Structure formats: structure tokens, C-alpha cells
Amino acid sequence: MKVLGVSGSPIKNSNTDRALKLALESTDLETEFIKLKDYTIAPCQACLGCIKTNRCVIEDDGILLAEKAKEADALIIAGFTPYSSLDARTKAFIERLYPLRHTHGYMAGKPGGAIITCAVPADNEMLPPACDFGVNAIKFYMMEEGMEFVGEVRVNGNVPCIKCGHGDECKMTGIKMLYGPDATVASVGINTFEDQTEAMKAAVKLGKDIAEKLKSK
Ligand SMILES: Cc1cc2nc3c(=O)[nH]c(=O)nc-3n(C[C@H](O)[C@H](O)[C@H](O)COP(=O)(O)O)c2cc1C
């Protein structure tokens, strides 16, 4: 039994990466962690060149990554939400799994899960629900391929303005947009996955639930 975990976060050892690694460890099974930034992967070009061969015509790392997904027994996809949608690397990875669809449904029946880090606080009703958009993009991919969506993890991430060095004086700062007019770099601070008890619990649960599903097959 092998569980593949794929992170679209480009930041080194990011919140997204650490949440994914905790979920993978919690399976107690063989796992592989993939960081998409280390690979070259273009989006699907909708040419349908994969219909007969189940292999993409684009000769980049998408071929290898699709093969890893095909060989894995379960898949956890982790991403973040720039401009309120799933990040481009994670989206490209999902699109490049399209060759596994026809006519065998190679991903069908496999358990899967989603991990999303987003900067919009869950209680901010004025801004787009970025976390929902990210989770749904992964969830609907899994549903459309006949996978069994087992669960999700939502991590509070950091608006880049927290770390850019101009967060308190820049007229474009996202800090006030997200946290209100009185918020500052100091008052908001850095969001860290390990400080988020609910997210940590959700990651452990996702790993354990995926392992349970696999053992009951
Ligand atoms: C260009 C850019 C735009 C972003 N826009 C949003 C956004 O619209 N909504 C949001 O929730 N987070 C947004 N973020 C914040 C990311 O979701 C945040 O950086 C995330 O916590 C990164 O996760 P990581 O620490 O795992 O890499 C943006 C980040 C970048 C770099």
C-alpha cells in the first residue's frame, strides 16, 4: 500500500508541506512526498492525444507524475490559493492526470484527500472563500474521476505582505484587507501550522482515515 502526497506550495518547508507530511506520516503506510516546484509540468493542452494511449503527448515531468499517481493506492493533494483559486502548479498536476481517465479509470475507487492553505481567515465573510475554492477544486477532481474523497485539511496561511517588509506602509497591503483597518504586521504575526490544533488534528485524521479505507478494501 502506498500513499502519494503532492504539494503545490513553492515555499521551502511551507505550512502546506508540513501539513501534508503529517497526514502522510499518520497513515503508517509507505508514502512518497512530491514537491511540484522540483518538477516541470505544463497544463493539459486539451488535444485529446492521450485518449488511446493513456499517456500525455507533452514530454515533461507530467508523464512521471501521472505514472506515480497511477501506481499509488491513495492520493493526497495539497495546495494554496493565490488570488482565491487553486495555485497553478497543483492545478496543472491535476489536469495532467487526465490521461489516466479513459477508458480504464485508473484513479477510480482510490481514497483521496485535500489540504489547502489560505490566507483569508475563515470568519471573514467580506472576502472570497479562498479555502473553499481550493478544497473544492481538488474534491471535484477526485469525484469526477470516481475516487473516494475521504477528507480535507484547512490551514491558516500568511498573506505575503506579512513578510515583504512593507506590510505596514504599502497602500496595497493585504493585512488590513484581511484583518481590518487596525491590523499591523506585528498584531497579526506569522501563522504556523503547528500552532493550529484543529488543522493538526485534521491532518492526522486524514492520514488515519485513508489508511483505514485502504485496509478495508
Ligand atoms: C501572489 C499571491 C496571491 C495570494 N492571494 C491570496 C488570496 O487571494 N487568498 C488567499 O487566501 N491567500 C492568498 N495568498 C496567500 C497564500 O494562500 C499563502 O501564501 C499561503 O499561506 C502559502 O502557503 P504556504 O505557506 O504553505 O506556502 C496569495 C499568495 C500569493 C503569493
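**Helices, sheet and ligand shell in a predicted model**

Reader: Which residues of α3 are buried?
Author: This is a predicted model. The helix α3 spans residues 88-95. Its buried residues are R89, T90, A92, F93 and I94.

Reader: What do the buried residues of α3 pack against?
Author: Two of the partners are strands, β1 (2-7) and β3. The other two are helices. In chain order, the buried residues of α3 pack against β1, α2 (62-71), β3 and α4.

Reader: After α3 comes a loop that leads to β4. Is R101, in that loop, buried, partly exposed or exposed?
Author: R101 has 17 other C-beta atoms within 10 Å. A buried residue needs 20 or more, and an exposed one has 12 or fewer. The count for R101 falls in between, so R101 is partly exposed.

Reader: How far is R101 from N54, C-alpha to C-alpha?
Author: R101 and N54 are 47 residues apart along the chain. In space, their C-alpha atoms are separated by 7.5 Å.

Reader: In what order do the strands of the sheet lie?
Author: The sheet is open and has 5 strands, with parallel pairing. β2 (30-35) and β5 (148-156) each have a single partner strand, so one side of each is left without a neighbour in the sheet. From one strand to the next the twist averages 15°. The order is β2-β1-β3-β4-β5.

Reader: How many bridges join β4 to β5?
Author: The two strands pair in the parallel sense. One of the pairs is P111 with E148, the latter in β5. On the other side, β3 and β4 are joined by 6 bridges. For β4 and β5, the number of bridges is 8.

Reader: What angle does α4 make with β4?
Author: The helix α4 packs on the sheet and touches β3 (74-80), β4 and β5. The angle between the direction of α4 and that of β4 is about 160°.

Reader: How many residues of β4 are buried?
Author: In a regular strand, side chains alternate between the two faces of the sheet. P111, G113, I115 and T117 point one way from β4, while G112, A114, I116 and C118 point the other way. Residues of both sets are buried. The number of buried residues in β4 is 8 of 8.

Reader: Which residue stands opposite I115?
Author: I115 lies in β4, which runs parallel to β3. Leaving aside neighbours within four places in sequence, the contacts of I115 include T16, A19, I76, A78 and V153. The residue opposite I115 is A78.

Reader: Which helix gives the most residues to the largest nonpolar core?
Author: That core has 52 residues. A19, A23, A69, I76, I115 and V153 touch the most other members. With 7 residues, the helix that gives the most is α4 (130-144).

Reader: How many charged residues are in the shell around the ligand?
Author: The ligand is surrounded by 19 residues, the closest being S14, T16, C118, A130 and G157. α1 (15-25) and β4 (111-118) each supply at least two residues of the shell. By class, 10 are nonpolar and 9 are polar. The number of charged residues is zero.

Reader: Is G180 buried or exposed?
Author: G180 is in the loop between α5 (174-179) and α6 (185-188). The C-alpha atoms of G180 and N124 are 9.7 Å apart, across 56 residues of sequence. G180 has 11 C-beta neighbours inside 10 Å, and 12 or fewer makes a residue exposed, so G180 is exposed.

Terms used:
Residues numbered from 1 in each chain as written. Predicted model: local features only at pLDDT ≥ 70, side-chain atom pairs only at ≥ 80, totals over all residues. Core = buried A, V, L, I, M, F, W, Y, C linked by C-beta atoms within 7 Å. Helix = DSSP H or I, 4+ residues; strand = E, 2+ residues; numbered from the N terminus. Contact = placed C-beta atoms within 7 Å. Near = placed C-beta within 6 Å. Nonpolar A, V, L, I, M, F, W, Y, C, P; charged D, E, K, R; others polar. Pairing = 2+ DSSP bridges. Axes fitted to C-alpha atoms, helices over the stretch in contact; angles between N-to-C directions.
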